[in-house]
2 protein chains.
Amino acid sequence: MVAPPLRARVRAGMIDEIKAVARRHLATDGANLSLRAVARDMGMVSSAIYRYFPSRDDLLTALILEAYDALGDAVEAADAAFDRGDLRGRWHAACRAARAWALAHPAEYALLYGSPVPGYAAPEDTVAPAARPPLTLVGILRDGLAAGRLSPPEDALPEPLRADMAELGVLLSVDLPPALLARGMAGWTQLFGLISFELFGRLNGVLPHRDEYFDHQTALMADLVGLP
Amino acid sequence: MVAPPLRARVRAGMIDEIKAVARRHLATDGANLSLRAVARDMGMVSSAIYRYFPSRDDLLTALILEAYDALGDAVEAADAAFDRGDLRGRWHAACRAARAWALAHPAEYALLYGSPVPGYAAPEDTVAPAARPPLTLVGILRDGLAAGRLSPPEDALPEPLRADMAELGVLLSVDLPPALLARGMAGWTQLFGLISFELFGRLNGVLPHRDEYFDHQTALMADLVGLP
DNA sequence: CATTGTCAAGAGCAGTGCTCTCGATTTGAA
DNA sequence: TTCAAATCGAGAGCACTGCTCTTGACAATG
């Protein structure tokens, strides 16, 4: 195993530095990332950036992928830190971790969950990392169901929805009753809505005690999905 | 009462036409609205637009205000079309109306509820029209409570959250028990999350039966807020 | 009739993403 | 070791953006 040639290493370093500078710009200037500003910060000329990223969208895609992974790591780590049997503790920890990450990286969260850029289409390889937070939530449900500490709801689902939910279960590789999976999706939707409302300024001026509000709302959803 | 001078009338017409053209551009090109493109479509020169809107943000604000009002009209009309006592019917109608409006005007919805534009700060006069959809939802709860057909939940709220909810009730001019108002906010958050997930492409490839999914999830929230 | 205010047009500034070309440098094989 | 190929940064340039300022034409008002 030979070491990678020097050229490849400095190239990898350049790519990392560009991403780091771009992330910094993202945090201050918001989603309208300027390639020229990034190049300026690096003491380069704008056209040099194109040696490393074929377009601005590709740079954004790289940042999006890293952000998905960072969020996924945070949520999964928070979940893993609790005893497997402490379903409610895991639920709250996962939700809190997602919110904490979003509050710490608002611009990146907006990049992931904000309005889609008109011309931009998310590449195929973002769907797997994007599924990690909801997968963590439904994983808690799966564990609770397997341990017999959680009884599936008896919601009556119309047939097409039942089939859709079954298919979604196969796609996520998690075997849950359709009605329970639907409630899990409700929890995930609610988590996204809570964070987005707070981060996008829709709670400005009202509800100053954000932590308590968030915990209460996630507790409501924990009840809804049937956590003991 | 004299008729407004001709000059003012043609000016108002111009403003309306600019907004109409801008809305059309918004629908096709997304949020990055180009003043020059709007001017081109109107056979004008870009600088002429500034006679009617002092900046691009002001034009966007005008569009945002109109969009809030259009959404508020749709939701309130759907709610008003049902018998006052049919709480569940009103709930579903209001939710469906919001979703239908969003699907019909995706770009305008993204303008309202997508990631905030970095430099842009929503003016004060947007908060009232922005509050109309959630007000419609909690109005259903208020009516149910007044009619004795809805019993407030017995959630234990921590004191600061209870106070926040009481204050929010005053702000919305709706007298609800804090715990019930919190659940109403959960319903509103869920509605926003459902629509955003669908509109922002997060359901692409899964859950093809969107109507059934949406109805089921809003029914879950109707249960959560305690609608009979 | 004369003045005042409003209007569209045009030029121009600073910024953007992106393409192309041109030398300089590094690389890997002959 | 030599040499061609690949890679790199720099610069010029294109088409586009929001926005400002000036100029000349027009209409409404006194």
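An axis, for the helices discussed here, is a line fitted to C-alpha atoms over the stretch in contact, and the angle between two axes is taken between their N-to-C directions, from 0 to 180 degrees. The structure on display is a predicted model, and the tour below proceeds from chain A to the DNA and then to the helices of chain B.

**Stop 1: chain A as a whole**

Select chain A. It contains eleven helices and zero strands. Along the principal axes, its C-alpha atoms occupy a box of roughly 60 × 55 × 35 Å.

**Stop 2: DNA strand C**

Next, select DNA strand C together with the residues around it. There are 25 such residues, and those that come nearest are L35(A), R36(A), R56(A), R11(B) and R51(B).

Zoom in on L35(A): one of its polar backbone atoms is 2.6 Å from a phosphate oxygen of DNA strand C. Move to R36(A), where a polar side-chain atom lies 2.4 Å from a base nitrogen of the strand. Then turn to chain B and show R11(B), which places a polar side-chain atom 2.8 Å from a phosphate oxygen of DNA strand C.

Colouring by helix shows where this surface comes from. Two or more residues are given by each of α1 (6-29), α2 (35-41) and α3 (46-49) of chain A, and likewise by α1 (6-29) and α3 (46-49) of chain B. By class, the surface near DNA strand C has ten nonpolar, six polar and nine charged residues. On the DNA side, 49% of the strand's atoms within 4 Å of the protein belong to sugar or phosphate, and the rest belong to bases.

**Stop 3: DNA strand D**

Now select DNA strand D. It is surrounded by 23 residues, the closest being S47(A), R51(A), Y52(A), L35(B) and R36(B).

Three side chains deserve a view here:

- R11(A) has a side-chain N or O atom 2.9 Å from a phosphate oxygen of DNA strand D.
- Y50(B) has a side-chain N or O atom 3.0 Å from a phosphate oxygen of DNA strand D.
- R40(B) has a polar side-chain atom 3.4 Å from a phosphate oxygen of DNA strand D.

At least two residues of this surface come from each of α1 and α3 of chain A and α1, α2 (35-41) and α3 of chain B. The surface divides into nine nonpolar, six polar and eight charged residues. Of the atoms of DNA strand D within 4 Å of the protein, 52% belong to sugar or phosphate and the rest to bases.

**Stop 4: α4 and α5 of chain B**

Select residues 56-80 of chain B, which form helix α4, and then helix α5(B); their axes come within 7 Å and cross at roughly 150 degrees. This angle makes α4(B) roughly antiparallel to α5(B), and the crossing is right-handed.

Display the side chains between them. From α4(B), A67(B), A70(B), L71(B), A74(B), V75(B), A78(B) and D79(B) meet R90(B), A93(B), A94(B), A97(B), A98(B) and W101(B) of α5(B). This contact comprises eleven nonpolar, no polar and two charged residues.

**Stop 5: α5 and α11 of chain B**

Keep α5(B) (residues 87-104) selected and add α11(B) (residues 210-225); the two axes come within 10 Å and cross at roughly 135 degrees. The two helices are therefore oblique to each other. Here too, α5(B) passes its partner α11(B) in a right-handed crossing.

The residues in contact include W91(B), H92(B) and C95(B) of α5(B), and F214(B), T218(B) and M221(B) of α11(B). By class, the contact of α5(B) with α11(B) has seven nonpolar, two polar and seven charged residues.

How values were computed
Residues are numbered from 1 along each chain as its sequence is written. Chains are lettered from A and ligands numbered from 1 in the order in which they are written. This is a predicted model: local features need pLDDT of at least 70, side-chain atom pairs count only at pLDDT 80 or more; totals for chains, interfaces and linings use all residues. Side-chain values use heavy atoms; hydrogens and water are left out. Helices (H or I, at least four residues) and strands (E, at least two) are DSSP runs, numbered from the N terminus. Angles under 35 degrees count as roughly parallel, over 145 as roughly antiparallel, 65 to 115 as roughly perpendicular and the rest as oblique. A crossing is left-handed if the near helix is turned anticlockwise from the far one by less than a right angle, and right-handed if clockwise. Contact means heavy atoms within 4.5 Å. Ala, Val, Leu, Ile, Met, Phe, Trp, Tyr, Cys and Pro count as nonpolar, Asp, Glu, Lys and Arg as charged, and the others, Gly among them, as polar. A residue is near a molecule or strand if one of its heavy atoms lies within 4 Å of it. A polar contact is a pair of N or O atoms within 3.5 Å; within protein, one must be able to donate a hydrogen and the other to accept it, and residues adjacent in sequence count only if both atoms are side-chain atoms.
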